[in-house]
Structures are given as structure tokens and as C-alpha cells.
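The following exercises are to be worked through with the sequence and the coordinates at hand. Each task is followed by a solution in steps.

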Amino acid sequence: MASEDTVRADVAKLHGELVKYGLVVWTGGNVSGRVHGTDLFVIKPSGVDYDELSAENMILCDLDGKVVPGSEGSYLSPSSDTAAHAYVYRNMPEVGGVVHTHSTYATAWAARAEPIPCTLTGMADEFGGEIPVGPFAIIGDDSIGRGIVATLTGHRSPAVLMQNHGPFTIGKTPRDAVKAAVMCEDAARTTHIARQGGPLVPIPPKIIDRLFDRYQHVYGQRAPEEGTAN
Ligand SMILES: [Zn+2]
């Protein structure tokens, strides 16, 4: 499975996807990935330009969010959201990747503390229903992490809109979490635009269940290693 070196390279490269899809400005946003079979994860350093990110300056942390002394890149401070990522890994062992952005449309829904309703088949596929809102939480302790875990545990959605803040997404791999961040922003944008033209038409819950089940199980088996490229 993915070694520390692989995760470092993977996480560094995936930050480029946040830029490519317009999900971040300046040095905001972060991706992390758990090192398989260990209680360690790799995350972006704080305040470093996206152009400067590399496998070498990713930061290795333990599941309390503490930098592993002497590890590569440990002269830098980790992302200010490290405690939230660590809390998710500590409490959701199935999660292998976490992403946070302030992407415009998703964050606009977060500013209203309004869940994004499921009115698109693509959203039913990816999120299995609405994208929920998590509690208001201040950065600096475990409260963001607690809010993410409390909202996403037992929920189909891999994305949560933290109130007055922005989206956090999870996945089995860092790439899955990045994909969820891209899809979350896409759903937020389309749904926002749709509502300008008139009332949204909900999809019946039974249909959402069918769409989600098909996409997650039937579709996934055709290309288990390739994710869900379509
Ligand atoms: Zn933030």
C-alpha cells in the first residue's frame, strides 16, 4: 500500500487539482493523506505558495496533529487546519484522505448555514442526498474536527459545509477527497444558479437511493482502481 514517500508525492501533486479547479486562493486550502498501516498522515505546510509545494516539504504528523520530529519538511509548520484533519483520522479509521477549501459557491451555502438539496442526479450519485451543514466551530482546537466527524458519521455525503466557514471532504484516498471537493463546489454552483431561475425540484428519496446504490456499487465494480471517471 501507499508508503510515506508515495503519500508525500501524491498529496503534494493533488494540491495542483485545487488550483486547477479554482477551489482556492493564495495559500488557502489543504489536502492530507494517511500513511497506510501507520498512525501518521501527510499534510501541506502552512503559508507556502502552491507553486512551491513538493513531496519534500509536505509535513508528516501523528494522529494528534503533532509534527514527527526529524522528519522531512519538519522545519516548516503544518497547515493551520492540521488539528481538524488529525481528529478525522483518529475517529474515522476508514478515511484515507481529507480536503479543506473555501471554494466560492460551497462556502456561500456555508455562510447561510444551508444544506445543498439533492436536485441533480449527479449529486445523488456522488453524495447520496443533500450536502449537510456542520456546526459553527472556531479554529485552534478539536471543535472543527468534532463537527466534521459528528456530521459525516453515518452520512452518505463525503462533504460537509462547516457553518460560516467552508467545505471539508473525506475519502478512502486523498484523490477521492479531492474529487469530493471538486464535485461539492460543482453541485453548490449549479444548484445556486438553478434557484435563481425558479424553485428547485427535489428528487424523491427512493430514486436518490437507487442512483446512489448503482453509482457506488454497480458502476464502481467496472473500474475499482480507476475511481469513477466518466
Ligand atoms: Zn478554512
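**Exercise 1. Classify C184 as buried or exposed, and determine how many disulfides the structure holds.**

Solution. Step 1: C184 has a relative accessibility of 1% and therefore counts as buried, where buried means under 20% relative accessible area, exposed over 50%, and partly exposed in between (1.4 Å probe, protein chains only). Step 2: The sulfur of C184 lies 13 Å from the closest cysteine sulfur, in C118, which is too far for a bond; a disulfide is a pair of cysteine sulfur atoms within 2.5 Å. Step 3: The structure holds 0 disulfides. C118 accordingly takes part in no disulfide, and at 7% relative accessibility C118 also counts as buried.

Before proceeding, note that this is a predicted model, in which local features need pLDDT of at least 70 and side-chain atom pairs count only at pLDDT 80 or more, while totals for chains, interfaces and linings use all residues. Residues are numbered from 1 along each chain as its sequence is written, and side-chain values use heavy atoms, with hydrogens and water left out.

**Exercise 2. Identify which residues coordinate the zinc ion, and state how they are spaced in sequence.**

Solution. Step 1: Donors are N, O and S atoms within 2.8 Å of the metal (3.2 Å for Na, K and Ca); water is not among the atoms, so sites may look incomplete. Step 2: The zinc ion is coordinated through the NE2 atoms of H100, H102 and H165, at 2.0 to 2.1 Å. Step 3: Along the sequence, these donor residues follow the spacing H-x1-H-x62-H. Step 4: H100, at 1% relative accessibility, counts as buried.

**Exercise 3. Describe helix α1: what is its span, and where do its buried residues lie?**

Solution. Step 1: Helices (H or I, at least four residues) and strands (E, at least two) are DSSP runs, numbered from the N terminus. Step 2: Helix α1 comprises 17 residues, 4-20, and reaches 25 Å from its first C-alpha to its last, close to the 24 Å expected at 1.5 Å a residue; the expected span is 1.5 Å times one less than the number of residues. Step 3: The buried residues of α1 are V7, R8, V11, A12, L14, H15 and L18. Viewed down the axis of α1, they fall within an arc of 165°, so they line one face of the helix; the arc is that of the directions from the helix axis to the C-beta atoms. Step 4: The face turned away from this buried side carries the exposed residues D5, K13 and K20.

**Exercise 4. Give the strand order of the sheet, and explain why β3 and β5 each leave one side without a neighbour.**

Solution. Step 1: The sheet is open, with 7 strands in the order β3-β2-β1-β4-β7-β6-β5 and mixed pairing; two strands pair if DSSP finds at least two bridges between them. Step 2: β3 and β5 (133-134) stand at the edges with a single partner strand each, so one side of each has no neighbour in the sheet. Step 3: Strands β6 (residues 159-162) and β7 (residues 166-171) run antiparallel and are joined by 4 bridges. V160 has F168 in β7 as its bridge partner. Step 4: N164 is found in the loop between β6 and β7. Although not a glycine, N164 has a positive phi of about 60°, and at 46% relative accessibility N164 counts as partly exposed.
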